[in-house]
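User: I would like to learn how to read a ligand site and the fold around it. Could you walk me through one?

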Amino acid sequence: MRLTSLYEVLAKRRAHGQKSLAVLLDPDHLDEASCEQVLELSRAHPVDYFFMGGSLVMNTRQASLIRFIKSRSEVPVLLFPSHSLHLDPQADGILLLSLISGRNPDFLIGQHVISAPLLRASNLQILPTGYMLVDTGRQTTASYMSGTTPLPHDKPGIAACTAMAGEQLGLRLMYLDGGSGAMYPVSAAMIKAVRQAVDIPIIVGGGINTTEKAQAALTAGADVIVVGNQIEKAPAFLAEMSKVVRSFNAVLNVTV
Ligand code: 1GP
């Protein structure tokens, strides 16, 4: 029997209006003890995905952390790499990011060429993702490290056209990211504009640190919300985020 792919699950959930929660695990901010705490919480408060990655990655913990998670949890681990050096075949899949908000060819195609044979040789499920960095008040590590200018926060039209172009190029997911620890999250107006512009699932992250901000992103049209920083600061926030996503899905009365 063919197993349902990660992408098919995301597309079905989108078709049914179901929302998902992704917890971002940054190897620079995590050790086995804090990881275990997150896993423990995720058993009582459902999480749909663990995204693994960071904009810098200053240590070599990622591989052992993925092994640790895979030995203790059924939640799919998706690589969220900032560089081709950060690939790891132990994960379930990879958000293969094309940084379409920027104009740096290395992050539009260069890193992908380097990664291609490694990905081909792995069993990682590939999720081609249009990655859009959005200005959210201060320069983030992601925009500095990628050498790209983020999309202006108050220009939903540019975001919509960028997403539209990404979808026309065949990208399967769109990720609107204010960057880790953003001062304020991507605006509802921008999420709505992108929602109207494309049919593919939309991931939104960066600066979601209250239930209100999570609700606003989901109401505006995010299919997946990503939370990292706030869960690192206060792990119990995972339970709150899980509750917000479940309450959105409860009214739909479908399970995908
Ligand atoms: C960053 O979207 C993620 O790339 C999550 O951001 O750490 O601010 O939650 P936070």
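User: Which residues are the closest to the ligand, and how many surround it?

Analyst: A residue counts as near a molecule if one of its heavy atoms lies within 4 Å of it. Here 13 residues surround the ligand, with D177, S180, G181, G228 and N229 the closest. Keep in mind that this is a predicted model, where local features need pLDDT of at least 70, side-chain atom pairs count only at pLDDT 80 or more, and totals for chains, interfaces and linings use all residues. Residues are numbered from 1 along each chain as its sequence is written, and side-chain values use heavy atoms, leaving out hydrogens and water.

User: Which polar contacts does the ligand make through its oxygen atoms?

Analyst: A polar contact with the ligand is a pair of N or O atoms within 3.5 Å. S180 places a polar side-chain atom 2.6 Å from a ligand oxygen. The backbone serves too: an N or O atom of N229 lies 2.8 Å from a ligand oxygen, and a polar backbone atom of G206 is 3.2 Å from one. The protein covers 97% of the 310 Å² of accessible area that the ligand has on its own (Shrake-Rupley method, 1.4 Å probe).

User: And how do I read the strands?

Analyst: Strands are DSSP runs of E, at least two residues, numbered from the N terminus, and two of them pair if DSSP finds at least two bridges between them. In this model, 8 strands close into a parallel barrel in the order β1-β2-β3-β4-β5-β6-β7-β8. As one example, β5 (residues 125-133) and β6 (residues 173-177) pair in the parallel sense over 5 bridges, and T129 has L173 in β6 as its bridge partner.

Technical notes: Helices (H or I, at least four residues) and strands (E, at least two) are DSSP runs, numbered from the N terminus. A polar contact is a pair of N or O atoms within 3.5 Å; within protein, one must be able to donate a hydrogen and the other to accept it, and residues adjacent in sequence count only if both atoms are side-chain atoms.
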